[in-house]
Amino acid sequence: MQAKVYVLIITAVVLSAVGQMALKIAVERAHLKDAIAAGAMSAAGAAIGSPFLWLAVFIYLSSIVLWLWALSEADLSTAYPFVSLGFVLTMLFAAVFLKK
């Protein structure tokens with residue numbers, strides 16, 4: 001397998017972890033958090049109007065596109081173990097950046 005494929009896999013995994021962090025930060029912003037507590041309609045309205053949430057979704061969707069590209073180039077048995085790296089990165093990012 002070429003180095004390009006490993007770069008794709010690692011990039012997809014890192015973007016996924018960054019996307020998870022961005023989603024967490026987005027939903028913890030005061031106006032969105034209050035809207036979620038108020039109910040589904042309020043949450044939907046606040047989500048639609050939240051640029052940071054849209055950025056978070058874009059980052060996460062980018063990771064999905066890269067992951068699909070990586071899967072088109074690599075065997076699943078080779079690529080899938082890297083998913084576990086995403087869990088570790090998400091935990092580390094949360095500990096470092098969110099203090100959680």
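The secondary structure of the protein chain in this predicted model consists of six helices and zero strands. Read along the sequence, the pattern is accordingly α-α-α-α-α-α. The C-alpha trace spans about 50 × 25 × 20 Å along its principal axes. The radius of gyration is 16 Å, whereas a compact globule of 100 residues would have a value near 13 Å. Among contacts with a separation of 6 or more, 75% link residues that lie 24 or more positions apart.

Of the 100 residues in the protein chain, 29% are buried. The chain exposes about 6300 Å², and carbon and sulfur atoms supply 74% of that area.

In soluble globular proteins, nonpolar side chains tend to be buried together. The largest nonpolar core of the model has 12 residues, namely Val5, Leu8, Ile9, Ala12, Val13, Ala17, Leu66, Trp67, Ala70, Ala74, Ala79 and Leu89. Two elements, α1 and α4 (51–73), each give two or more residues to this core. The greatest contribution is that of α1, with six residues. Leu89, a member of the core, touches Val13, Val14 and Ala17 when residues up to four places away in sequence are not counted. Of these partners, Val13 and Ala17 are also listed in the core, while Val14 belongs to a nonpolar patch on the surface. A second, separate core has five residues, including Ala26, Ala35, Ala46 and Leu53.

The nonpolar surface patch covers about 510 Å² and is made by Ile10, Val14, Val18, Leu85, Val88, Met91 and Leu92. The elements that supply two or more residues to the patch are α1 (3–28) and α6 (83–98). Here α6 gives the most, with four residues, whereas in the largest core the leading element is α1. Helix α1 thus contributes two or more residues both to the largest core and to the patch.

Leu85 illustrates the patch at the level of a single residue. This leucine is found in helix α6 and is one of the residues that make the patch. Leu85 counts as partly exposed because its relative accessibility is 31%, a value between the limits of 20% for buried and 50% for exposed residues. Leu89, by contrast, is part of the largest nonpolar core, a set that by definition holds buried residues.

Definitions and conventions: Residues numbered from 1 in each chain as written. Predicted model: local features only at pLDDT ≥ 70, side-chain atom pairs only at ≥ 80, totals over all residues. Heavy atoms only, no water. Patch = residues over 30% accessible without salt bridge, like charges linked within 9 Å, V, L, I, M, F, W, Y side chains within 5 Å. Areas by Shrake-Rupley, 256 points an atom, 1.4 Å probe, with all protein chains shown as cover. Salt bridge = Lys/Arg side-chain N within 4 Å of Asp/Glu carboxyl O. Buried < 20%, exposed > 50% of the residue type's maximum accessible area, 1.4 Å probe, protein only. Rg over C-alpha atoms; globule rule 2.2 N^0.38 Å. Contact = heavy atoms within 4.5 Å. Core = buried A, V, L, I, M, F, W, Y, C linked by side-chain atoms within 4.5 Å.
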